[in-house]
Amino acid sequence: MTKVFAQGCAYLTALCALSRIKLPASEWTCVSHWSPACDVLMPSLLPSPQTELPPSYSPWMDIAHELPKLIASHQLRACIHQMPQLNTQHLRGREELHLAHLVLSFLTMGYVWQEGEEGTMRVLPRNLAVPFWEVSQALGLPPILTHADFVLANWRRKDPSRPLEIENLEPIISLPGGESLHGFILVTLLVEKAAVPGIKVGCCKSHSHLTPQVFRAHLSPSLHALLLLSLQATIQAIHALQHLDDELLIFLSGWRDNAAMPHGLLYEGVSEQPMAFSGGSAAQSSVLHAFDELLGIQHSQESTAFLHRMRDYMPPPHRAFIRDISRAPSLRQHILSSADLRLREAFNHCITALADFRSHHIAIVTKYIAVAKAKAGQEEACSTGKPPAALEAKGTGGSHIFIFLKSVRDSTREGLISA
Ligand code: HEM
């Protein structure tokens, strides 16, 4: 009994340490990047992202703040052509670099897709391509909009004293899509927040040293919290996405495996050859990857290949975090070797939560595609108003949508441990 109590205390101490933001991996998750004022531990979001760059970068910021208007009036490309080529050496610290990446990635997506998928550009001009490349190299991110730009670093509180709730949040930089775009960004952000209890469990590397009693007392409630939070967040997502603008997703599309840009994009002044990168997708969020690793989910070879490729689009500390979880002692093996049925039940609840989350997501995507298709049928003549045709078969990240989404949902279900 004393031993169990001691182990329980050790586990609690570990959780307390974690709640003071002691996570594996460097910058993105380390203490210096986390605001102690944060009302909740946010393992993946950039805490209190910077919202302004030094005044010498105003040519970027001025365009970025007007992006939806400039795209709607078809003036963005002309503005970018007139933009001076700025020196990235004056950017100080990772916060400024992350904001610069966010801004330059939004400018790039607007530049490429301003005229819809039939009027794309093959060349990104030097004054945008060179600084974007340099900032990307400094951060270890690809030179394209990623989930980290679109969501993780793209938020601020309207009232800094109020909590992280949808009413109190707004994106720093926007694209066409108005309120529905904001809802899309912020709901995805809240899903990251909802994942916090589960991620905390993932940070505990010593499963194999814990007794079933300690698991029951601490792990099981966390798994249940995850179940509830995942479902709540997904329901919120469905409500927020009911009015999602069907023009939005084209601006997240990349130039790899995309029929609209079969040659990729030439980054002028960076490379003589065009380069191909996948677009922004929540498949690049570390959260589901972390849960899959924690719960020992085995996806099909093809889905795994896609998901692993998406890890290249994550901030390097996120990649390291997922790798750390995958190398930690297997929670699944520990539970399989335990005779405790309640422990299995708690584990299975978590698997079910994850599979339910993925089923809800399939419903959201189906709805989005159906709405976009119906609208495209009505507005066939309008080139910029058309949803990306490729999206019907391929996602923004370039996957074959429904085959992929159903496959990852089904393999999640296969992770259930039978009694
Ligand atoms: C209209 C809304 C949405 C659409 C159309 C959509 C579309 C897609 C597509 C096409 C994929 C396949 C990967 C790719 O090629 O990009 C995907 C993956 C994914 N999406 Fe969404 N998505 C939407 C909303 C959301 C929201 C709100 C979340 C919440 C975080 C989310 C989380 C994910 C995750 C985690 C994946 C990776 C697959 C998995 O692990 O199950 N999506 N999404």
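Axes are lines fitted to C-alpha atoms, for helices over the stretch in contact, and the angles between them run from 0 to 180 degrees between N-to-C directions. The exercises below use a predicted model.

**Exercise 1. Two helices side by side**

Find at what angle the axes of helix α11 and helix α13 cross, and decide whether the pair is roughly parallel or roughly antiparallel.

Solution.
- Step 1. Two packed helices are described by the angle between their axes and the distance between the axes.
- Step 2. Helix α11 spans residues 286–295 and helix α13 spans residues 316–327; their axes come within 8 Å and cross at roughly 10°.
- Step 3. Angles under 35 degrees count as roughly parallel, so α11 is roughly parallel to α13.
- Step 4. On the α11 side, the contact is made by Ser286, His289, Ala290, Glu293 and Leu294. On the α13 side, they meet His318, Phe321, Ile322, Ile325 and Ser326.
- Step 5. Sorted by character, the residues of this contact are five nonpolar, four polar and one charged.

**Exercise 2. A glycine after α11**

Locate Gly296, state how exposed it is, and list its contacts beyond its sequence neighbours.

Solution.
- Step 1. Gly296 lies in the loop between α11 and α12, the latter covering 301–311.
- Step 2. Because it has 17 C-beta neighbours inside 10 Å, Gly296 counts as partly exposed.
- Step 3. Setting aside neighbours within four places in sequence, Gly296 is in contact with Ser330, Leu331, Arg332 and Gly415.
- Step 4. Ile351 is 55 residues from Gly296 along the chain, and their C-alpha atoms are separated by 9.9 Å.

**Exercise 3. The two sides of α12**

Identify the buried residues of α12 and the exposed residues on the face turned away from them.

Solution.
- Step 1. Ser303, Phe306 and Met310 are the buried residues of α12.
- Step 2. Viewed down the axis of α12, these fall within an arc of 65°, so they line one face of the helix.
- Step 3. An α-helix has 3.6 residues a turn, so residues three or four places apart point the same way.
- Step 4. Gln301 and Ala305 are exposed and sit on the face of α12 turned away from its buried side.
- Step 5. The cover over the buried residues of α12 includes α16, residues 401–413.

**Exercise 4. The largest nonpolar core**

State how many residues the largest nonpolar core has, and trace how Leu107 and helix α2 fit into the packing.

Solution.
- Step 1. The largest nonpolar core has 91 residues, and those with the most contacts inside it are Trp60, Val103, Phe106 and Leu107.
- Step 2. Helix α5, residues 93–113, gives this core its largest share, 12 residues.
- Step 3. Apart from neighbours within four places in sequence, Leu107 is in contact with Trp60, Ile63, Ala64, Ile80 and Leu128.
- Step 4. Trp60, Ile63 and Ala64 are buried residues of helix α2, which covers residues 58–65. They span an arc of only 100° around the axis, so they are on the same side of α2.
- Step 5. The buried residues of α2 pack against α3 (67–72), α4 (76–82) and α5.

**Exercise 5. Positive phi outside glycine**

For His74 and Asp257, give phi, place and exposure.

Solution.
- Step 1. Most residues other than glycine have a negative phi, and most peptide bonds are trans.
- Step 2. His74 has a positive phi near 60°. This residue is in the loop between α3 and α4, and counts as exposed because it has 12 C-beta neighbours inside 10 Å.
- Step 3. Asp257 has a positive phi of about 55°. Asp257 is in the loop between α10 (212–240) and β4 (266–267), and counts as partly exposed because it has 18 C-beta neighbours inside 10 Å.

**Exercise 6. Buried residues and the whole chain**

Explain why Gly183 and Phe347 count as buried, then describe the protein chain as a whole.

Solution.
- Step 1. A residue is buried if 20 or more other C-beta atoms lie within 10 Å of its own.
- Step 2. Gly183, in helix α8 (residues 178–194), is buried because 21 other C-beta atoms are within 10 Å. Ile166 is 17 residues away in sequence, and 8.2 Å away from C-alpha to C-alpha.
- Step 3. Phe347, in helix α15 (residues 341–378), counts as buried because it has 25 C-beta neighbours inside 10 Å. Its C-alpha atom is separated by 8.0 Å from that of Ile417, 70 residues apart along the chain.
- Step 4. The protein chain has 419 residues, of which 42% count as buried, and its secondary structure comes to 16 helices and four strands.
- Step 5. Of the contacts in the protein chain with a separation of 6 or more, 81% are between residues 24 or more positions apart.

Definitions and conventions: Residues numbered from 1 in each chain as written. Predicted model: local features only at pLDDT ≥ 70, side-chain atom pairs only at ≥ 80, totals over all residues. Parallel < 35°, antiparallel > 145°, perpendicular 65-115°, else oblique. Contact = placed C-beta atoms within 7 Å. Nonpolar A, V, L, I, M, F, W, Y, C, P; charged D, E, K, R; others polar. Core = buried A, V, L, I, M, F, W, Y, C linked by C-beta atoms within 7 Å. Arc of directions from axis to C-beta.
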